[in-house]
Amino acid sequence: MSGNDINRRDFLKFMGLGGVGAATLSGCDMPTTVTLEEGKEKVVSYLAPEEYVIPGIGVWYASTCQQCPSSCGIHGRVREGRVLKVEGNPESSVNGGGLCQMAHAGLQSHYNPDRLRKPLIRKGGTLTEVSWKEAWAVVEEKLAASDSAKTGWMTGTVSGHQAVLLDALQEANGSNKHYVYEAINNSVGESVNKAMLGEATPRYRFDKAQSILSFGADFLGTWVSPVHFSKEYAEFRTGDRGVLMVVEPKMTLTGANADFWVPAKPGTEGVLALGIANVLLTKHQADAKLLPASVRKLISEYNVAKVTEVTGVGGDSVVKITNHLKNHAPSIVMSGASAHEHENGYFNATAAMVLNILLGNVGKTIESSGAMPDVKLASKTGSSSAAMRLAADADKGALETLFITGANPVFTVPSYVGLVDKLAKVPFKVSLTSFMDETAALSDVILPLLSSYEDWGTTAAAYQPTEKVIGIQQPLMQPLYAETKGFGDVLLDLLKIQGAEQYGAYTDYYSYLQNALYSLPASVKQGLSDADFWHDSLKKGLIKVGDAKGSLSVKTIDLTAPSFEDNADFPMVLAPSARQGLWDGRLANIPWLQEAPDQITKIFWDSWAELHPSTAKKFGVKEGDVIQVESDQGSIEAQVYIYKGVHPDVVAVPMGQGHENYGRYATNLGVNPLKILSPGTDKVTGEIAAHATRVRISKTGKSSDLARLGGSETQVGRKLVSTVSADVFRRTEGGGNVA
Amino acid sequence: MSLKNVLENWSDYRKTHEDGGHHDYEHMWGMVVDLNKCTGCNACAVSCYSENNLATVGKEKMGKGQGMHWLRMERYWDEPNVGGDEKEFHERGASFLPMMCQQCNAATCEVVCPVAATYHTPDGLNAQVYNRCIGSRYCSNNCPYRLRYFNFYSYYEDAWPEPLNQQLNPDLSVRDKGVMEKCTFCVQRIRTAKDTARREGREVRDGDAVSACAQSCPTKAITFGDLLDENAEVTKLWKFHQVELGKTKQDKANKELRGYRVLEGLNVDPCIMYLDRVREV
């Protein structure tokens, strides 16, 4: 070392600081490194690292994903106090080790540069940043002066102890106005399941099924619990591989994986189901004695010719579907958004369930999924009718105070509802959110919440058929911003304002939650001490709470034949399809998800309008042309993508884009098809008939290259994706003959 | 090594992948992608973005083909998109193909690099040394799969505004303009697994190293592992489907087995085996 200015001790000091510098500077993209020469020595050394922090070593902590309502279990990798990566929790019965792209992108929700860092209150008409204390003083003052029975809450799906606290709060308020709103929901299906099976969300046994017929239930993408169903789908497709058939107006991710994809005229899915029932009864001697005479009579009216006339689906296709269902028994028939969101949506879902009864699936491939032993923790799943009820209540002055969290109704509710004007009649509105969005912008107070990676909570997934668990949401890192608070903490504070005495003892939501878990039944705690049980729960990320067994009881309900009208002015139907990616638009502010090409069209960072080649030809448009899609409520413009995965009478525009106020990544990008929906709700459930809007399209004369992945739409003869028949597959890999 | 020696013992040095390759490999990391299970959901791709510090480049640059998606979920339709006269609809759905660097053992990208920035490691990986790369882009020009991505700009300047940069994975670098990058089979995860095994005084076991895409797949369509490990799941699958490394054309005893390598006939010897998509006739 002689002749060198640096000695060993200096060298080690330098290395130590350098290492810490990299950690403290958070990321290695910094163009400069901290050097002693520059004198930037205000670096806190890890001489005494925080507990469990080992510089350079990532530690995985369990938590629960909050990106969509499915509640998948996650592990978050934490290094030097920052969460860097999320993976699926292999222990979780919801998702196993897998995750969807939306879950991975939760990181960019958490670290989003547009997150609210301080509360805002309306001062002289404009929202102004204030301290939490000041904002909270406004809330307290307003609540004291208002009628607590006129306090409403609009939330997304809630469950677990947040739901318990929210219920307690509303009880203390003397109000029952809790609107659980989800634009992407299975509400019609839940109603039908409840009426016909006695359970809103039964268990679908993909592992036992040999065929699945889905009427628009995009279970791989957006329906109920996509990662869970993806896991089951893999099982369904291995060994003696099952057959998947999908009927929908626009190809979804599930449709893209179908063996047989069929578009029916929008809204006629139920008729097609009855047509299949007709073939089952006439050709396959299915047992119809479970069905009432009126339903049997209705089925008999829908012979193949009549069904083809109504649905536009060829007779050979009807027979093909029926044969698959019969030859690959047992089967499952499902229904989802594109079949539900019509005035006859309830009829469509009922007709699909009639097929399950006829095929003998109930009890075989559709079973009871049981219930949470403690119903107070169970998931409150959302509906779109909740937004309609909110609008009506606001309009008639039934609300003096409205809290909104986990929902952005101003963005997702159709314009015709006039929600903005109606919300203006609510004197005091509080948004609990991490981001400025269209709804928060109309609020009087915005309280910034912790991100889901900073907050405490528990969740009970709506669909967890194999075992019931309470999912633990635990912070993966310290809050980024001081002036933010957890949802549970805000609820507790509100309860304290209401003078709910039993909550006064809890200093924060953490202590409430800890106490709540301590007081779980001994059987759940499995003989562990309180402290051990708590640590065990955090480590696993979930608590198995046992299952309240249930059973399904088949009840058939009457069906009345729907009628369909043509509309010469608006000859086409709009399909505002859900993308697994941007969801209902809440994830549009995440750059990874904007840059991730749509699974079907491979378009990124924009909206588009899908047309069938024959329709495109009729209107003389080619890919990239901008068309106007016009309903009686307004119009939107989007570039055309042409392919054979959409019904010729349908123009599909995905939802999620078209934000006006949602941060740098989402604002002024694309269009929001939900804005031009025409009035209409399902006759039975009151759900918004989002897939029933009649539109007409016209050319605008504008055109440019469509920004999408890849140059070629086909393989041009190259064997990039090779395909074999299912028969070959069953021969080589069926019957347990696997690697 | 004198030139004379090289010329006299030419056959010793001219060891192609068909003769076992130019290394005594310690590992041969390989993959199986089951297109029967893959639903095209894109979870793998976003998992890759979060693991490997991939920059988002925005609509305009994505439109020019400058997206940095190391794992690209390709989607193909069965027939010509417009005007095809066979069927009215895509009634057999779509064909999805997750494409990431195929880690070829006879990689066409390696031999054209003027500065040896891309080379083959004793792990069987096609490595990219960012510090050595001068941005000639010969490698990307020579990749038959188009799976190399060039930093035309300093994407990092816009991709991670504060505090998004806090998410960056410190286990690997953020690349600046002028540098080529591509899928590394999550080499940092492999390194961690090897370090852990060494610290524990044992061999690397199957499952120790899992790439981010394979880990995240909801249907477990991707299997990752060491093809030199007899007990590895990935090795068993290659054997079952009678696909072997070092061959231009597979000579399968059972022609119906699904395993194949994309563009195998080019003789680049990729380490990823795909399994046929399956459809009911």
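**View 1. Helix 12 of chain A lies across four strands of a predicted model.** Helix 12 covers residues 315–327 of chain A. The strands it lies across are strand 9, strand 10 (243–247), strand 11 and strand 12 of chain A. Helix 12 runs at about 140 degrees to strand 9 of chain A. Helix 14 (residues 345–358) of chain A also packs on the sheet. Helix 14 touches strand 9 and strand 12 of chain A, and its direction makes about 175 degrees with that of strand 12 of chain A.

**View 2. An open sheet of four strands in chain A.** The strand order is 11-10-9-12, and the pairing is parallel. Strand 11 (260–262) and strand 12 (331–335) of chain A each have a single partner strand, so one side of each lacks a neighbour in the sheet. From one strand to the next, the twist averages 10 degrees.

**View 3. Strand 9 of chain A beside strand 12 of chain A.** Strand 9 spans residues 211–215. Five bridges join it to strand 12 of chain A, and the two run parallel. A:Phe215 stands opposite A:Ser335 in strand 12 of chain A.

**View 4. Helix 9 of chain A packs with helix 11 of chain A.** Helix 9 covers residues 269–283 and helix 11 residues 304–311. Their axes are 9 Å apart, at an angle of about 165 degrees. That angle makes helix 9 of chain A roughly antiparallel to helix 11 of chain A. The crossing is left-handed. Helix 9 of chain A contributes A:Val271, A:Leu272, A:Gly275 and A:Val279 to the contact. Helix 11 of chain A contributes A:Val304, A:Val307, A:Val310 and A:Thr311. Of these contact residues, six are nonpolar, two polar and none charged.

Notes: Residues numbered from 1 in each chain as written. Chains lettered and ligands numbered in written order. Predicted model: local features only at pLDDT ≥ 70, side-chain atom pairs only at ≥ 80, totals over all residues. Pairing = 2+ DSSP bridges. Axes fitted to C-alpha atoms, helices over the stretch in contact; angles between N-to-C directions. Contact = placed C-beta atoms within 7 Å. Parallel < 35°, antiparallel > 145°, perpendicular 65-115°, else oblique. Left-handed = near helix turned anticlockwise from the far one by under 90°. Nonpolar A, V, L, I, M, F, W, Y, C, P; charged D, E, K, R; others polar.
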